Amino acid sequence: SNSRVNIILLDDQRLHMGSGAESTFEYCKDISLSLCQHHINSNNAIGLLTHQKYIKPMSGRNHLLTLEMIAAGLELKEFRSHDLYHKSTKIPSEIQTFKTRLTHMLGQESNTYIVTSIMPGKLWDFYLDFIKTASRKSKMVHLTIVEGLTYMSKNSHKDDLLWINQMKSKLPMVIEETREFCKNNNISLSIVQMSDQTFESLKVRDAFERS
C-alpha cells in the first residue's frame, strides 16, 4: 500500500489483432483496469501511459473513474509501416519517442506493469528493448502478454488463416525468447491466453499462467 504504480498499455496497432470485444486490445484494457481498481483499493497512486496518453499517478475513487473513462474511449494507435527509423539508433521513430517519454515519466521508486499483445517479428524485438528501458527506470516491472494467435486461428475467416498460422508457428520460439529475456532482466512475466471462456470479465484472472 501507499506505493506509486504505473501501467504502460502498449496501444500500437501492429501488436494487436481481432475486433471489438474479441480483440487482444480489449483484453489488455480489461487487465489494465483490473490492476487500476486493485491498486486504488490498496491506496496506491496509479498512472497510465500509452503512445497517445499519459495520466500521472494519483489515488482515490475519482481518479479511478477518470482512468475508466479514458480507457473506454482509447483506440489503437496507427503507425505507417514506412515510418522512418531514427537516424542514430535505427529504432522506429515512434518507439524511440516513447522511450524518451518513458525516461522522464517513470521514477526509480515506481512499480510498473506493462500490458500488451504479442506479434512475432522485428517490431517485438524493438519493444523488448523498450521494456528493458522500463525495467531500468523502475523498482519492479511485471510484463503481461495477451496471446491471441491461438484463439484467432480457430475463429477467423479462412482468408486470414494463412498469415495467422504463419505467425502462430513462430510464436513458441518468441515466447521462449521473451521468457529468457524477462529472467535475465529481473522482469516478472504473465501470459493470458484468449479463449471463449475468458470473455467473461470475472474469468479473465483465471487465464493467467505465471511463468
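## Charged side chains in a predicted model

The side chains of Asp129 and Lys99 come together in a salt bridge, with 2.6 Å from N to O. Asp129 belongs to helix 4 (residues 122-137) and Lys99 to helix 3 (residues 93-105), so this pair ties together parts that are 30 residues apart in sequence. Please keep in mind as you look around that this is a predicted model.

The two partners differ in how much cover they have. Lys99 is buried, because its relative accessible area is 13% and the cut-off for buried is under 20%. Asp129, at 29% relative accessibility, counts as partly exposed.

### The other bridges

In total, the count comes to four salt bridges. Here are three of them, with the N to O distance for each.

| Acidic residue | Basic residue | N to O distance |
|---|---|---|
| Asp129 | Lys99 | 2.6 Å |
| Asp12 | Arg14 | 2.7 Å |
| Glu26 | Lys29 | 3.2 Å |

Let us turn to the pair within one helix. Glu26 and Lys29 both sit in helix 1 (residues 24-41), where three residues, about one turn of the helix, set them apart. Their closest N and O atoms are 3.2 Å apart. Is Lys29 buried or exposed? Lys29 counts as buried, because its relative accessibility is 6%. Glu26, its partner in the bridge, has 27% relative accessibility and therefore counts as partly exposed.

The bridge between Asp12 and Arg14 is part of something wider: Asp12, Arg14 and Glu94 are linked in a network of salt bridges. Within this network, Asp12 has a relative accessibility of 0%, so this residue counts as buried. Arg14 reaches 26% and counts as partly exposed.

### A negative patch on the surface

Now for some acidic residues on the outside. Which residues gather in a patch of negative charge on the surface? They are Asp125, Glu176, Glu177 and Glu180. Helix 6 (residues 158-184) provides the largest share of this patch, with three residues.

Glu176 makes a good place to start if you want to find the patch in the structure. This residue lies in helix 6, and its relative accessibility is 48%. Why does Glu176 count as partly exposed? The reason is that exposed requires over 50% and buried means under 20%, and the 48% of Glu176 puts this residue in the partly exposed class.

Conventions
Residues numbered from 1 in each chain as written. Predicted model: local features only at pLDDT ≥ 70, side-chain atom pairs only at ≥ 80, totals over all residues. Heavy atoms only, no water. Patch = residues over 30% accessible without salt bridge, like charges linked within 9 Å, V, L, I, M, F, W, Y side chains within 5 Å. Areas by Shrake-Rupley, 256 points an atom, 1.4 Å probe, with all protein chains shown as cover. Lys, Arg positive; Asp, Glu negative; His and termini not counted. Charge placed at Lys NZ, Arg CZ, Asp CG, Glu CD. Helix = DSSP H or I, 4+ residues; strand = E, 2+ residues; numbered from the N terminus. Buried < 20%, exposed > 50% of the residue type's maximum accessible area, 1.4 Å probe, protein only.
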